[in-house]
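Biologist: I am new to this structure and would like to learn how to read it. Could you walk me through it?

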Number of protein chains: 2
Amino acid sequence: MLKIPDHQVAGHAAGIGKLGPLIDESGRFYKPLQSDKRGSEEVAFYESFSSNTNIPEHIRKFFPTYYGTKIMKASTGADHPHIVLQDLTSGSVNPSVMDIKIGSRTWAPEASEAYIAKCLKKDRETTSTSLGFRLSGLQVYIGDELGFYKPDRDYMRKISPDDVKLLLRNFVSSNPSTETETGQGPDCGLAHSVYGGPNGILAQLLELKKWFEDQTIYHFYACSLLFMFDKGLASDGAGSNVVVKLIDFAHVADGNGIIDHNFLGGLCSLIKFISDIPAETKDYTGTNGQAEL
Amino acid sequence: MLKIPDHQVAGHAAGIGKLGPLIDESGRFYKPLQSDKRGSEEVAFYESFSSNTNIPEHIRKFFPTYYGTKIMKASTGADHPHIVLQDLTSGSVNPSVMDIKIGSRTWAPEASEAYIAKCLKKDRETTSTSLGFRLSGLQVYIGDELGFYKPDRDYMRKISPDDVKLLLRNFVSSNPSTETETGQGPDCGLAHSVYGGPNGILAQLLELKKWFEDQTIYHFYACSLLFMFDKGLASDGAGSNVVVKLIDFAHVADGNGIIDHNFLGGLCSLIKFISDIPAETKDYTGTNGQAEL
């Protein structure tokens, strides 16, 4: 039984007559091939990546499992080709999710002039140029009563570097809010268990960074990092349910022997922003929390 | 007694009626303030940097010593304000020098539209966009008879990523050449003593990289790394005469709490290019050379 995913925070969403991703109960995610070259290029990337023996195993875990393509009834009702992937939120009841597009530049040097102009405009209007990344969307599970905190797309489109700082704190807080004037900031109660710790987001980003300092196979333009965790499990302090994945590969280019300095620069900027958070909030978990990072 | 420096490889050169830097016998370098805002902004940077107590001592050594400004007779014959700096080639007889402009983007987000358009065009025409850096100029001392290998500016303006690879090898070779069709590549005889070793260029770049992963004080747009060594001393294998400096600060912007991901990305790309060279050329110096890196 196919359905529209509950926890999508960015990208095209399925709706009545609208093409968008679907999931099934077996844990698979069906992404309709995008029009023009994007769909076929994303398939080409997954085919190349899944058969490339130069990708270390500890890096492969950052990518969704790829199950090939399938022509099937789309969310519009018509037959359409889909990329079949692992459903990353499968098994999670109330996942907190954040989607971050990495790189100060979302266009490849060989793209068309029209496409470059369009991307450059958006990169400059958002925080991509200034921060080296932009937050595309997020949802934070607060509790059964209040449900999810999920800023709308209009707000996300206009956020400043200071808003990014706040949202990165909201993501690990039990009182997320975009109101900064109340004097009551987000509590960052889960900063240590989600961002810190041996299996936390920071540790995983540093592993990824090390690979990006060396790999010259792919350049990941307009690709996103997805962070996910389940609050109930995170509160236990294990940190083991924190997931970091790379998604959206419609604009991957050949590395041609050059590292992806654009992705790497943005990743380092994000690492710096996140690493400041557990450091500031050591009081919340005391000595244990400090030792964890 | 002021004179025109012998070993400038990029930037405006002094000439008859032409404004350019001068040096004296006491080891000082006089850089005429550039027109428009650039001159005053470079002075502002040197003033800020020299009094900033948050710059670690081991990082300060990567910057030329600043001695203030002075109104003096310029290379044109007229009085003009100059920035007084340490002459980096003072004490070196036949320095090999390379100037590398770092960053895939040479413009700050807050620059004017006209300036951004001009820089973006040049960044895309050169290797800045693709590699994250571009070689602005170099000279390599071959010997008393042959003198210096110094590709002209027209050639430097049009070089490809493959040319960059070749020039980085030429820089540490006794047979530099831009002819790749002869089948006789550069010997990379000094790769281990200049690029490798505990005081070599790679070790120094890694030290700089570590600082750039953390510092959010300055963003260094259109700034260059200068590499210098004296062949006679480098052949002794000490590597201690290899100098790495940052120069050209007319476009430094406030970091505003954000790391300089643009500089850092380009620096990591350069590090990757250079680190491949001693690794490939281990045969030239044998076991000792390998151990050195």
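Modeller: Gladly. Let us start with how copies are compared: they are superposed by least squares on the C-alpha atoms of residues with pLDDT of at least 70 in both. This is a predicted model, where local features need pLDDT of at least 70, side-chain atom pairs count only at pLDDT 80 or more, and totals for chains, interfaces and linings use all residues. Residues are numbered from 1 along each chain as its sequence is written, chains are lettered from A and ligands numbered from 1 in the order in which they are written, and side-chain values use heavy atoms, with hydrogens and water left out.

Biologist: What turn lays chain B on chain A?

Modeller: A turn of 180 degrees, with a shift of 0.0 Å along the axis, gives an RMSD of 0.0 Å. That is how a two-fold axis relates its copies. In chain B, G265(B) has the C-alpha nearest the axis, 2.2 Å from it. Contact means heavy atoms within 4.5 Å, and 100% of the contact residues of chain B recur in chain A, so the same surface serves both copies.

Biologist: How many residues does each chain bring to the contact, and how much area do the two chains bury?

Modeller: The size of an interface is often given as the accessible area lost when the parts come together. Here buried area is the accessible area (1.4 Å probe) that two parts lose on being put together, summed over both. Chain B and chain A bury about 2200 Å² between them, with 61% of it on carbon and sulfur atoms. Each chain brings 27 residues to the contact. R124(B), H261(B) and K272(B) supply 25% of the area that chain B buries against chain A, more than any other three residues.

Biologist: In which order do the strands of the open sheet in chain A run?

Modeller: Strands of a sheet pair through backbone hydrogen bonds, either parallel or antiparallel. Strands (E, at least two residues) and helices (H or I, at least four) are DSSP runs, numbered from the N terminus, and two strands pair if DSSP finds at least two bridges between them. In chain A, 5 strands form an open sheet with antiparallel pairing, in the order β7-β6-β5-β9-β10. β7 (147–149) and β10 (243–247) of chain A are at the edges with a single partner strand each, so one side of each has no neighbour in the sheet.

Biologist: Which residues mark the pairings of β5(A)?

Modeller: Strand β5 (residues 95–102) of chain A pairs with β6 (residues 133–143) of chain A over 6 bridges, and I102(A) stands opposite F133(A) in β6(A). On β9(A), 7 bridges join the strand to β5(A), where P95(A) has D230(A) as its bridge partner. Another 5 bridges join β9(A) to β10(A).

Biologist: Is β9(A) buried or exposed?

Modeller: Buried means under 20% relative accessible area, exposed over 50%, and partly exposed in between (1.4 Å probe, protein chains only). In β9(A), 7 of the 7 residues are buried, so the strand is largely enclosed by the rest of the structure.

Biologist: What does the side chain of Q139(A) join through a polar contact?

Modeller: A polar contact is a pair of N or O atoms within 3.5 Å; within protein, one must be able to donate a hydrogen and the other to accept it, and residues adjacent in sequence count only if both atoms are side-chain atoms. Q139(A) lies in strand β6 of chain A and is buried, at a relative accessible area of 2%. Its side chain makes a polar contact of 3.0 Å with that of H7(A).
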